[in-house]
Amino acid sequence: MSRINNAVRHNTDYFVSVLLLLQPCFKHLMPTIIGLPLFFIGFLLLLLLHCKPSQIALRSLSFLPIVGLSVLGTLLNGVVDSDYYLFVFGALAFALASGDTRWVKPFFIVFLVMCLIHCLATISFYLFPDFGRQIIQNSLLSQYPTARDYRSALSGSYSWNGMHTSLCFILSSGVAFSGSRHSKIGCLLCGISAIALLLTTKRAHLMFSIAAFTLMFYLANRTKGISKFVKFCLIVLLILIAFGISSIYFPQLSLVFDRFSETSENADELLSGRTYLWQHALDQWTNKPIFGQGWASYKFSWIDGGTPVVSVAAHCVLLQLLAETGLFGLSLAIIPFFILIKGAFETSIHLDSYSAGTRSLVLASAGIVAFFILYSFCGNPLYDSPMFISMLAIFSFYTGSTVFI
């Protein structure tokens, strides 16, 4: 009977994960009036199944300050964007569920599948452009002017699609490096997601994904000598050769490197006017340097071709946190992420003593955290639901699991 109950609980965790991830992963296809209630149902089910106050680790209390900041800022600034509510309630749910982390593995399996859907859509829309444009983008995504072609696929812009494909690549790498019987499947998914990521032409996502991949490879093989590093270099060389051959037949694959070439010739193209956004964040921070102006208070207005434009993102999480939450809030937000990296390095020494599933989770967690930290210097991962939802789940896994030292 207990085995049956465990199987039912395990399958229920997959269902709960689907409810929690539909809105973050498909927000541009799904009306908020549907996606947000589904998320709240998942939130309640997660608490019902896994909230055990007597088992909640003391480390999970580190969730509370940033949750308090976000709740207070959301209420004071009257935020209506669903992402802020996903952040607040996601952080609360994952903190309270950290006493029983059996839901984390199903959560990331579902997350990998949903990100893989974005990768497959990107490749399909590239191969069959009329299908993607007419069936999806001209109907379901018509309200997003940046949803133009295969590069954005099922998302409202190629930046969002770049995030989904990057996360798929990192999660797949965790499976590939886990040493399990699923490693070959992980390698296949790495290849699919790498092609999709290249097709999005996102430079930062590509660089940071490669950095995360390299870190994960190092953590998975740090105790196995120089031979693994040599094999890694050979694999990279073969991939580059395969890419060079493929780009002859599929020139769109090389567009991302063409963009790197353009950037080297014109640095202003890389910054894309972001220096103005950064300067405004610094100006806002200097007015209230300790506690900031309040969560979600950043706004920068300018005129683009005669049309007023308002940006609520500084394209640098660190500067935006300074502006909105001051030095106090910035410290609360970034210190836990570096603790996660430290924990991953310490745990990687003992990876061979854990199950393949746990190894893949540890490695993928390290990769996602590394990607998050790097992307924070030029993007908005703390304010983009697929990224912060994955980070919150990782943090819950860290605070509640006995794996990390």
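In the predicted model, Lys 342 and Glu 346 both belong to helix H14, which covers residues 317–348, and the two stand four residues apart, about one turn of the helix. Their side chains meet in a salt bridge, with a distance of 2.6 Å from N to O. Glu 346 has a relative accessible area of 26%, and it is partly exposed because this value lies between the limits of 20% and 50%. In general terms, side chains of opposite charge can pair when their charged atoms come close.

The structure holds three salt bridges, and the other pairs are formed by Arg 102 with Asp 100 and by Asp 149 with Arg 151. Between the side chains of Arg 102 and Asp 100, the distance from N to O is 2.9 Å. The two partners of this bridge are described by separate accessibility values: Arg 102, at 45% relative accessibility, counts as partly exposed, whereas Asp 100, with a relative accessible area of 6%, is buried. In the bridge between Asp 149 and Arg 151, the distance from N to O is 3.1 Å. Here Asp 149 counts as partly exposed at 24% relative accessibility, and Arg 151 counts as partly exposed at 21%. Since buried means under 20% relative accessible area, the value of 21% places Arg 151 in the partly exposed class.

Helix H14 also takes part in a packing with helix H9, which is made up of residues 203–221. Two packed helices are described by the angle between their axes and the distance between the axes. For H9 and H14, the angle is about 35 degrees and the axes are 8 Å apart, and H9 passes H14 in a right-handed crossing. On the side of H9, the residues that meet H14 are Leu 215, Tyr 218 and Leu 219, and on the side of H14 their partners are Ile 341, Ala 344, Phe 345 and Ser 348. The residues of this contact divide into six nonpolar, one polar and no charged.

The loop between helix H6 (129–137) and helix H7 (158–176) contains Ala 147, and Ser 157 is found in this loop between H6 and H7 as well. Ala 147 counts as buried at 10% relative accessibility, and Ser 157 counts as buried at 13%; both values are under the 20% limit. When neighbours within four places in sequence are left aside, Ala 147 is in contact with Gln 137, Leu 141, Ser 152, Ser 155 and Gly 156. Ser 157, with residues up to four places away in sequence not counted, touches Thr 146 and Ser 152. Ala 147 and His 28 are 119 residues apart in sequence, and their C-alpha atoms are 9.9 Å apart in space.

Helix H16, which runs over residues 385–400, has 16 residues, and at 1.5 Å a residue these should span 22 Å; the C-alpha atoms at its ends are 22 Å apart, so the expected span and the distance in the model agree. This helix is mostly covered, with 15 of its 16 residues buried.

Over the whole chain, 16 helices and two strands are assigned. Of its 405 residues, 52% count as buried. Among contacts between residues at least 6 apart in sequence, 75% join residues that are at least 24 apart.

Methods: Residues are numbered from 1 along each chain as its sequence is written. This is a predicted model: local features need pLDDT of at least 70, side-chain atom pairs count only at pLDDT 80 or more; totals for chains, interfaces and linings use all residues. Side-chain values use heavy atoms; hydrogens and water are left out. A salt bridge is a side-chain nitrogen of Lys or Arg within 4 Å of a carboxyl oxygen of Asp or Glu. Buried means under 20% relative accessible area, exposed over 50%, partly exposed in between (1.4 Å probe, protein chains only). The expected span of a helix is 1.5 Å times one less than its number of residues. Contact means heavy atoms within 4.5 Å. Axes are lines fitted to C-alpha atoms, for helices over the stretch in contact, and angles run from 0 to 180 degrees between N-to-C directions. A crossing is left-handed if the near helix is turned anticlockwise from the far one by less than a right angle, and right-handed if clockwise. Ala, Val, Leu, Ile, Met, Phe, Trp, Tyr, Cys and Pro count as nonpolar, Asp, Glu, Lys and Arg as charged, and the others, Gly among them, as polar.
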